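Thanks for coming, everyone. I'll take a few minutes to walk you through one structure. Please have a look at it first.

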Amino acid sequence: MSSNQNISFQAGQAKGQTQEKASTMMDKASNAAQSAKESLQETGQQIKEKAQGATESVKNATGINK
């Protein structure tokens, strides 16, 4: 292999490794985003349930529920 071919081969290898690393990082970022989204949805559901519970408590305390 001539030195030009060797340099070209090494550049191709480096490019492939960089693309693989970038792909792995994108997958990790995507997984983190999905996890955050699920966590927010869960938090939103908990807040909604607490608000509904608070509303029922107020209705019961004021006699509106009777």
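Let me start with a term. Buried means under 20% relative accessible area, exposed means over 50%, and partly exposed is in between. Keep those cut-offs in mind. One more thing before we go on: this is a predicted model.

Now the overall picture. How many helices and strands are there in the protein? One helix and zero strands. The radius of gyration is 28 Å, and the globule rule gives 11 Å for 66 residues, so the protein is more spread out than a compact globule. The box tells you about the outline too. Taken along the principal axes, the C-alpha atoms fill roughly 90 × 10 × 5 Å.

Next, the helix itself. Helix α1 covers residues 3-62. That is 60 residues. From its first C-alpha to its last, α1 reaches 87 Å. At 1.5 Å a residue you would expect 88 Å, so the two values are close. And what comes just after α1? Gly-63, with a positive phi of about 80 degrees.

On to the surface. What share of the 66 residues counts as buried? The share is 0%. The accessible surface of the protein comes to about 5,900 Å². Carbon and sulfur atoms hold 54% of that surface.

Charges now. The protein has 8 positive and 6 negative charges. Their mean positions are 5 Å apart. In general, side chains of opposite charge can pair when their charged atoms come close. How many salt bridges does the count give here? One salt bridge. The partners are Glu-56 and Lys-59, and their closest N and O atoms are 4.0 Å apart. Why are these two about one helical turn apart? Because they are three residues apart in helix α1.

Let's put the cut-offs to work on that pair. Is Lys-59 buried or exposed? In between: its relative accessibility is 29%, so Lys-59 counts as partly exposed. The bridge partner, Glu-56, has a relative accessible area of 35%, so Glu-56 is partly exposed as well.

Now two other lysines. Lys-28 is placed in helix α1. At 60% relative accessibility, which is over 50%, Lys-28 counts as exposed. Lys-37 is in helix α1 too. Its relative accessible area is 46%, so Lys-37 is partly exposed.

Last, some distances, C-alpha to C-alpha. Take Lys-37 and Thr-24: 13 residues apart along the chain, and separated by 20 Å. Then Lys-28 and Gln-5: 23 residues apart in sequence, 35 Å apart in space. And Lys-59 with Gly-12: 47 residues apart in sequence, 70 Å apart in space.

So, to wrap up. You have one helix and zero strands. You have 0% of the residues counted as buried. And you have one salt bridge, between Glu-56 and Lys-59. That's my tour, thank you.

How values were computed: Residues numbered from 1 in each chain as written. Heavy atoms only, no water. Helix = DSSP H or I, 4+ residues; strand = E, 2+ residues; numbered from the N terminus. Rg over C-alpha atoms; globule rule 2.2 N^0.38 Å. Buried < 20%, exposed > 50% of the residue type's maximum accessible area, 1.4 Å probe, protein only. Areas by Shrake-Rupley, 256 points an atom, 1.4 Å probe, with all protein chains shown as cover. Lys, Arg positive; Asp, Glu negative; His and termini not counted. Charge placed at Lys NZ, Arg CZ, Asp CG, Glu CD. Salt bridge = Lys/Arg side-chain N within 4 Å of Asp/Glu carboxyl O.
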